[in-house]
Amino acid sequence: MSEGYILNALQTPALLRPVYESVQGGNRTRQAIEDDTGLGTDAVQQATDGLRYVRLLGSEDGEYYVVDPQWAIEDPYLSFRMGILHNLAQECTPGDWGTQAVVLLNYQYLLQEDVQYFENDDEVLYDAINAWHRTEKNYVPTSQQGEIDLNKNKFVNWTRIAAYLGLVHKARGREHTVYPEPELVATSVSLAVRERGDDGRVGIADYLAWLRENLLPVELTSEGKVPAPLARVLYNLVRDEEIQLVEYGDAGAVSLARTPRREGIAGEANTIRVISE
């Protein structure tokens, strides 16, 4: 793993889309991007590096070109961010980790360890994540200077990227809450139904497998339940009458961690059914 490391390169993820759209509009050199966007040299460098690391920008013969996001979604901002998540998910092959797998591996740790709130300068937390990368995942990013460890600056940058992608949300000060953005989850359910489901339905286990392949490394808890941050979003989508969790076929039931019973969630639910688009 020798390419640049996104947590060093990208401090301001909000720069990504304006620079992407500038290149998309025909500005294919760094100077042309600066002239078009009004951004300084350092900002354009940061954004072009970030876009390359999330596989949405390439270069050939001294000129940049854009790579289309994976899905054409009506909301262009959501489409762009889900395109980033999809490309980062392709970095997350166990035993063959891409350098930028750090973005989603950090999030997987928070889900797995049931971290619902954190501060972005929590040394105990980022040291624990760093150790987990190595001992549990065998993920060891490197540079010319050797192994790359998480530290305060890198974890602050990671939090900014995760917030931009809709995975964590600033509460106050340095404190953030952990849950995926509801619109992201609702759209992912619709995509999973289209790509892996049938007749407006997809098995919960199939949906989670689709998520792991395409967006987020979500595993069931040790009790066989959907982790609480995602479970709460699914629960709220049921409440808002966008989906139902039903029993269909003979697949095993999968329950939502730390959510109460309610209408629209079957006692032995194993399937998500979309009831509104």
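Which residue just after helix 2 takes a positive phi? In this predicted model, the residue is G26, whose phi is about 110 degrees.

**Helix 2 and its buried face**

Helix 2 covers residues 16–24, and within this stretch L16, V19, Y20, S22 and V23 are buried. When one looks down the axis of helix 2, these buried residues fall within an arc of 160 degrees, so they line one face of the helix. A general property of helices helps in reading this pattern: an α-helix has 3.6 residues a turn, so residues three or four places apart point the same way. The buried residues of helix 2 pack against several other elements, namely the helices 3 (30–37), 4 (41–53), 5 and 8, together with strand 1 (57–60) and strand 2 (63–66).

**The cavity**

Rolling a probe the size of a water molecule over the atoms shows where empty space is left. With a threshold of 30 Å³ or more, the count for this model comes to 1 cavity, and the volume of the largest cavity is about 40 Å³. Its lining is made up of I6, L10, P13, L16, V54, I84, L88, V103, I161, Y164 and L165, and the elements that give two or more residues to this lining are helix 5 (76–89) and helix 8 (152–164). In character the lining residues divide into 11 nonpolar, no polar and no charged. L16 therefore appears in two parts of this report, since L16 is one of the buried residues of helix 2 and is also among the residues that line the largest cavity, while the buried face of helix 2 packs against elements that include helix 5 and helix 8.

**Two buried residues with polar contacts**

The table sets T271 and D49 side by side, giving for each the relative accessible area and the side chain with which its own side chain makes a polar contact.

| Residue | Relative accessible area | Polar contact of the side chain |
|---|---|---|
| T271 | 4%, buried | side chain of N270, 2.8 Å |
| D49 | 13%, buried | side chain of R52, 2.8 Å |

D49 is found in helix 4, whereas T271 is found in strand 10, which covers residues 271–274. Leaving aside residues up to four places away in sequence, T271 touches R201, V202, G203, I204, Q244, L245, V246 and Y248. One of these contacts joins distant parts of the chain, for T271 and I204 are 67 residues apart along the chain, yet their C-alpha atoms are separated by 4.9 Å.

Technical notes
Residues numbered from 1 in each chain as written. Predicted model: local features only at pLDDT ≥ 70, side-chain atom pairs only at ≥ 80, totals over all residues. Heavy atoms only, no water. 1 Å grid on protein atoms, 1.4 Å probe; cavity = no way out; pocket = protein on both sides within 12 Å on 5 of 7 lines; lining within 4 Å. Points joined across faces, edges and corners; volume = space filled by probe spheres on them. Helix = DSSP H or I, 4+ residues; strand = E, 2+ residues; numbered from the N terminus. Nonpolar A, V, L, I, M, F, W, Y, C, P; charged D, E, K, R; others polar. Buried < 20%, exposed > 50% of the residue type's maximum accessible area, 1.4 Å probe, protein only. Arc of directions from axis to C-beta. Contact = heavy atoms within 4.5 Å. Polar contact = N/O pair within 3.5 Å; in protein donor to acceptor, adjacent residues only side chain to side chain.
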